[in-house]
Amino acid sequence: MAQIEVCGVSHRYFTMKEETEALRDVNLRVEAGEFVSLVGPSGCGKSTLLSLIAGMIQPTRGEVRLFGEPLRGPSRRVGYMLQHDSLFEWRDVLRNVLIGAEVRGLDRKRSERRALELLDRYGLAEFAWHTPRQLSGGMRQRVALIRTLVLEPEILLLDEPFSALDYQTRLSLGDEVARILRDQGKTVVLVTHDISEAITMADRVMVMSRRPATITADYPIRYAAGRLDPTAARREPEFAQYFNRVWEELKDHVRV
Ligand code: ADP
């Protein structure tokens, strides 16, 4: 069964001054355990689509279904990770990781055990009582990811989670995050404007057009060598082929 279904969705924003048509007739299905990436020109409506799947906004037309049910508001089965980690500087790493669990009123002991397990498993145990300021940018994003994982979401929505980082950090964090998400067996939708990131992390890449955006192409990504870390995938012969195919599709939508 598809975990995410976006059926004929259009979305318009209305402000006092103007009306913006962000999405037009978007259709998308994501199966359990799939890792899908959305690429498109900046301002086309990628974050809007994620916000609709997160149930934070309602579509003007069409319907979003999660786990076969129409979505009426934010779902506890969905986690969200953004470009900025929004960690609280006055709380240590562990207290940051537990924030969502506190807000939801989950059992404190159980959440703390899970948080410490995740920090340990993903190489951050020794930083549990450090403040975010003592961590590198890549470590902060890993903390933000763990904060989401503590809530045990089945679906993870990632909105440009690496774009605020320098290139080297981006590469190694990409490997790390791909490994964590695979290990956890999550269904993932990653929004990015970086083609390399999309074709090395995802099982499927969808290209969105200029605003009002619709999905214009849907490419399965398979490396003959199997499921690889993103940096290893960059060295494979298919990498350049996938890159060119996605770029050929995308470049018509990009204005320079
Ligand atoms: P992307 O993520 O692809 O960069 P967005 O989904 O953020 O694009 O935005 C799509 C369009 O919708 C843009 O033109 C943006 O200015 C507009 N938009 C986004 N959020 C709002 C809002 N809350 N109110 C009005 N317009 C918005």
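**Exercise 1. Disulfides**

Find how many disulfides this predicted model holds, and explain the count.

*Solution.* Let's start with the idea itself: a disulfide is a covalent bond between the sulfur atoms of two cysteines.

Step 1. Look for the cysteine sulfur closest to that of Cys-7: it belongs to Cys-44, and the gap is 20 Å.

Step 2. Compare this with the cut-off: two cysteine sulfur atoms must lie within 2.5 Å to count as a disulfide. At 20 Å, the sulfur of Cys-7 is too far from that of Cys-44 for a bond.

Step 3. Turn to Cys-44, which is in no disulfide either, since its nearest cysteine sulfur is that of Cys-7. The structure therefore holds zero disulfides.

Step 4. As an extra, check the surroundings of each cysteine. Cys-7 is partly exposed, with 30% relative accessible area, whereas Cys-44 is buried at 1%.

**Exercise 2. One helix, two faces**

Test whether the length of helix H4 agrees with its number of residues, then work out where its buried residues sit.

*Solution.*

Step 1. Helix H4 runs over residues 108-121, which makes 14 residues. For the expected span, multiply 1.5 Å by one less than the number of residues. That gives 20 Å, and the end C-alpha atoms of H4 are indeed 20 Å apart, so the two values agree.

Step 2. List the buried residues of H4: Ser-111, Arg-114, Ala-115, Leu-118 and Leu-119.

Step 3. Now look down the axis of H4. These buried residues fall within an arc of 135 degrees, so they line one face of the helix. Here is a handy rule to remember: an α-helix has 3.6 residues a turn, so residues three or four places apart point the same way.

Step 4. Turn to the face of H4 that points away from the buried side: here you find the exposed residues Lys-109, Arg-113, Glu-117, Asp-120 and Arg-121.

Step 5. Ask what the buried residues touch. They pack against helices H2 (93-97), H3 (99-104), H5 (137-149) and H6 (167-184).

Step 6. Finally, step just past the end of H4, where Gly-123 has a positive phi of about 75 degrees.

**Exercise 3. Salt bridges**

Describe the salt bridges that Arg-91 and Glu-248 form, giving the partner of each.

*Solution.* The principle is simple: side chains of opposite charge can pair when their charged atoms come close. The count for this model comes to 21 salt bridges.

Step 1. Take Arg-91, whose side chain meets that of Glu-102 with 2.9 Å from N to O. This pair links distant parts of the chain, 11 residues apart: Arg-91 is in the loop between strand S6 (78-81) and H2, and Glu-102 is in helix H3. Glu-102 is partly exposed at 35% relative accessibility.

Step 2. Take Glu-248, which pairs with Lys-251, the closest N and O atoms being 3.0 Å apart. Both belong to helix H9 (residues 237-251), and because they are three residues apart, about one helical turn separates them. Glu-248 is partly exposed at 45%, and Lys-251 is partly exposed at 34%.

Step 3. Look for salt bridges that share partners: they join Arg-12, Glu-19, Glu-21 and Arg-24 into one network.

**Exercise 4. Unusual spots in the backbone**

Locate the cis peptide bond, and find where Asp-25 and Glu-160 take a positive phi.

*Solution.*

Step 1. The peptide bond from Arg-211 to Pro-212 is cis, and its omega is near -10 degrees. Pro-212 lies in the loop between strands S9 (204-208) and S10 (215-220).

Step 2. Asp-25 is not a glycine, yet its phi is near 50 degrees. Asp-25 sits in strand S2 (residues 19-31) and is partly exposed at 44%.

Step 3. Glu-160 also has a positive phi, near 45 degrees. Its place is the loop between strand S7 (155-159) and H6, and at 11% relative accessibility Glu-160 is buried.

**Exercise 5. The whole protein**

Decide how the radius of gyration of the protein compares with the globule rule.

*Solution.*

Step 1. Count the elements: the protein has nine helices and 10 strands.

Step 2. The radius of gyration is 18 Å, close to the 18 Å that the rule gives for 256 residues, so the protein is as compact as a globular protein of that length.

Step 3. Add the box that the C-alpha atoms fill, roughly 50 × 45 × 40 Å along the principal axes.

Step 4. Finish with the interior: 53% of the 256 residues are buried. Of the contacts between residues at least 6 apart in sequence, 70% join residues at least 24 apart.

How values were computed
Residues are numbered from 1 along each chain as its sequence is written. This is a predicted model: local features need pLDDT of at least 70, side-chain atom pairs count only at pLDDT 80 or more; totals for chains, interfaces and linings use all residues. Side-chain values use heavy atoms; hydrogens and water are left out. Buried means under 20% relative accessible area, exposed over 50%, partly exposed in between (1.4 Å probe, protein chains only). Helices (H or I, at least four residues) and strands (E, at least two) are DSSP runs, numbered from the N terminus. The arc is that of the directions from the helix axis to the C-beta atoms. Contact means heavy atoms within 4.5 Å. A salt bridge is a side-chain nitrogen of Lys or Arg within 4 Å of a carboxyl oxygen of Asp or Glu. The radius of gyration is taken over C-alpha atoms; the globule rule is 2.2 Å times the number of residues to the power 0.38.
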